[in-house]
Amino acid sequence: MNGEIQLQVSGLVKRFGEETVLNGIDFCVRKGEVVVVLGPSGCGKSTLLRCMNGLESPDAGSIFLDGEAISAGGKNIAQLRQKIGMVFQSYDLFPNKNIIDNITLAPVKVQKRSKKEAEEQAEKLLKRVGLWEKRKAYPRELSGGQKQRVAIIRALCMNPEVMLFDEVTAALDPEMVREVLDVMIELANQGMTMVIVTHEMQFARAIADRVIFLDGGSIVEDSKPDEFFTNPKTKRAKDFLQTFAYEKRRTNIN
């Protein structure tokens with residue numbers, strides 16, 4: 001992919017106490033590109049996304065969106081966060097608000113858009129993911145997969161330039177995973193720039209333009225999905241993938 005660079009991460013270091021979680025991360029994301037970040041638990045994947053969205057402050061290094069520095073304490077952080085949508089594993093929907101109000105709250109309060117305009121956009125997006133009939137329901141009345149789709153729609157209603165997804169299917173029952181992944185695949189097909197942290201290997205291979213493999217706070221591999229999944233360059237990546245292959249073999253017994 002030869003598009004313009006939209007996100008640039010340069011020399012990123014993040015520490016929590018004496019532990020270095022990210023240690024000199026360098027990579028870029030081009031406009032319309034889908035980058036999937038893989039790696040074992042505790043390798044820094046979620047921290048990387050939180051730094052990219054300005055939710056965590058790096059101890060060293062820089063992150064740029066369209067050439068503008070992202071800093072958790074910067075004067076422009078509120079404007080930049082509106083350009084970078086983030087969807088978490090935990091949905092974070094307001095339990096006391098119905099679905100349409102959950103979705104339109106930020107566009108109205110933060111972006112000062114009219115309620116009518118925000119609701120019209122929400123209607124289009126909810127219909128696209130098959131949830132328009134749930135617009136007056138409350139989060140407690142929805143399944144996990146439905147709540148995660150609402151969380152995605154809520155982020156999209158801010159009209160972001162980039163979407164970050166942090167293990168959005170990890171808390172879902174297996175039958176609910178597909179409905180969420182289908183929404184993300186549709187976004188990719190429409191050219192949305194995305195950075196995705198996931199443990200869904202088949203999904204990662206299908207959606208990614210590039211795979212970044214993190215281990216111990218560093219990028220171990222950065223390659224095309226077919227190259228990574230069929231011929232990883234490092235023993236660490238081979239061992240990681242073999243774990244999933246073993247799990248698949250176990251499910252085929254009997």
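**Figure 1. Lys 14, a buried lysine in strand E1 of this predicted model.** Lys 14 has a relative accessibility of 8%, so it counts as buried. Its strand, E1, covers residues 5-16. The Lys 14 side chain reaches the backbone oxygen of Ser 57 at 2.9 Å. Neighbours within four places in sequence are left aside in the contact list that follows. Lys 14 touches Glu 19, Thr 20, Val 21 and Leu 22. It is also in contact with Thr 47 and Cys 51. Glu 56, Ser 57, Pro 58 and Asp 59 complete the list.

**Figure 2. Asn 53, in the loop between helix H1 and strand E4.** Helix H1 spans 45-52 and strand E4 spans 60-65. Asn 53 is buried, with a relative accessible area of 7%. Leaving aside neighbours within four places in sequence, its contacts are Ile 77, Arg 81, Ile 84, Met 86 and Leu 164. Pro 95 lies 42 residues from Asn 53 in sequence. In space, the two are 24 Å apart, C-alpha to C-alpha.

**Figure 3. The largest pocket, with about 530 Å³ of space.** Its lining is made of 22 residues. Closest to the pocket centre are Arg 81, Met 86, Ala 106, Arg 154 and Met 158. Two or more lining residues come from each of helix H2 (77-83), strand E6 (84-87), helix H3 (99-109) and helix H5. Strand E6 gives the largest share, 4 residues. By class, the pocket lining has 15 nonpolar, 4 polar and 3 charged residues. Two of the central residues, Arg 81 and Met 86, are also contacts of Asn 53.

**Figure 4. Helix H3, its buried residues and its start.** The buried residues of H3 are Ile 99, Ile 100, Asn 102, Ile 103, Thr 104 and Pro 107. Their cover includes helix H4 (115-128) and helix H5. At the start of H3, Asn 98 makes a contact through its side chain. A side-chain oxygen of Asn 98 comes to within 3.3 Å of the backbone nitrogen of Ile 100. H3 also supplies two or more residues to the lining of the largest pocket.

**Figure 5. The largest cavity, with about 30 Å³ of space.** A search of the whole structure finds 1 cavity of 30 Å³ or more. Arg 128, Val 129, Ile 153, Leu 156, Val 183, Glu 186 and Leu 187 line the largest cavity. Helix H5 (144-156) and helix H6 (174-189) each supply at least two of these residues. H6 gives the most, with 3 residues. The lining divides into 5 nonpolar, no polar and 2 charged residues. Helix H5 thus appears in two linings: that of the cavity and that of the largest pocket.

**Figure 6. An aromatic cluster of Phe 213, Phe 228, Phe 229 and Phe 240.** The structure holds 3 aromatic pairs. In one of them, the ring centres of Phe 213 and Phe 228 are 5.8 Å apart. Their planes meet at 40 degrees, so this pair is tilted. Phe 213 lies in strand E9 (residues 210-215), and Phe 228 in helix H8 (residues 225-230). The pair therefore ties together parts that are 15 residues apart in sequence. Phe 213 is buried, with a relative accessible area of 0%. Phe 228 is buried too, also at 0%. Phe 228 and Phe 229 form an edge-to-face pair. Here the centres are 5.2 Å apart, with 85 degrees between the planes. Phe 229 counts as buried at 16% relative accessibility, because the cut-off for buried is under 20%.

**Figure 7. Asp 66 and Glu 167, two loop residues with positive phi.** Most residues other than glycine have a negative phi. Asp 66 is not a glycine, yet its phi is positive, about 50 degrees. It is found in the loop between strand E4 and strand E5 (68-69). Asp 66 is partly exposed, with a relative accessible area of 37%. Glu 167, likewise not a glycine, has a positive phi of about 50 degrees. Its loop runs between strand E7 (162-166) and helix H6. Glu 167 is buried, with a relative accessible area of 11%.

Terms used. Residues are numbered from 1 along each chain as its sequence is written. This is a predicted model: local features need pLDDT of at least 70, side-chain atom pairs count only at pLDDT 80 or more; totals for chains, interfaces and linings use all residues. Side-chain values use heavy atoms; hydrogens and water are left out. On a 1 Å grid over the protein atoms alone, a cavity is a set of points where a 1.4 Å probe fits but cannot get out, and a pocket is an open set with protein on both sides within 12 Å along at least five of seven lines; lining residues have an atom within 4 Å of a point. Grid points are joined across faces, edges and corners, and a volume is the space filled by probe spheres set on the points. Ala, Val, Leu, Ile, Met, Phe, Trp, Tyr, Cys and Pro count as nonpolar, Asp, Glu, Lys and Arg as charged, and the others, Gly among them, as polar. Rings of Phe, Tyr and Trp (its six-membered ring) pair if their centres lie within 6.5 Å; planes under 30 degrees apart count as stacked, over 60 as edge-to-face and the rest as tilted. Buried means under 20% relative accessible area, exposed over 50%, partly exposed in between (1.4 Å probe, protein chains only). Contact means heavy atoms within 4.5 Å. A polar contact is a pair of N or O atoms within 3.5 Å; within protein, one must be able to donate a hydrogen and the other to accept it, and residues adjacent in sequence count only if both atoms are side-chain atoms.
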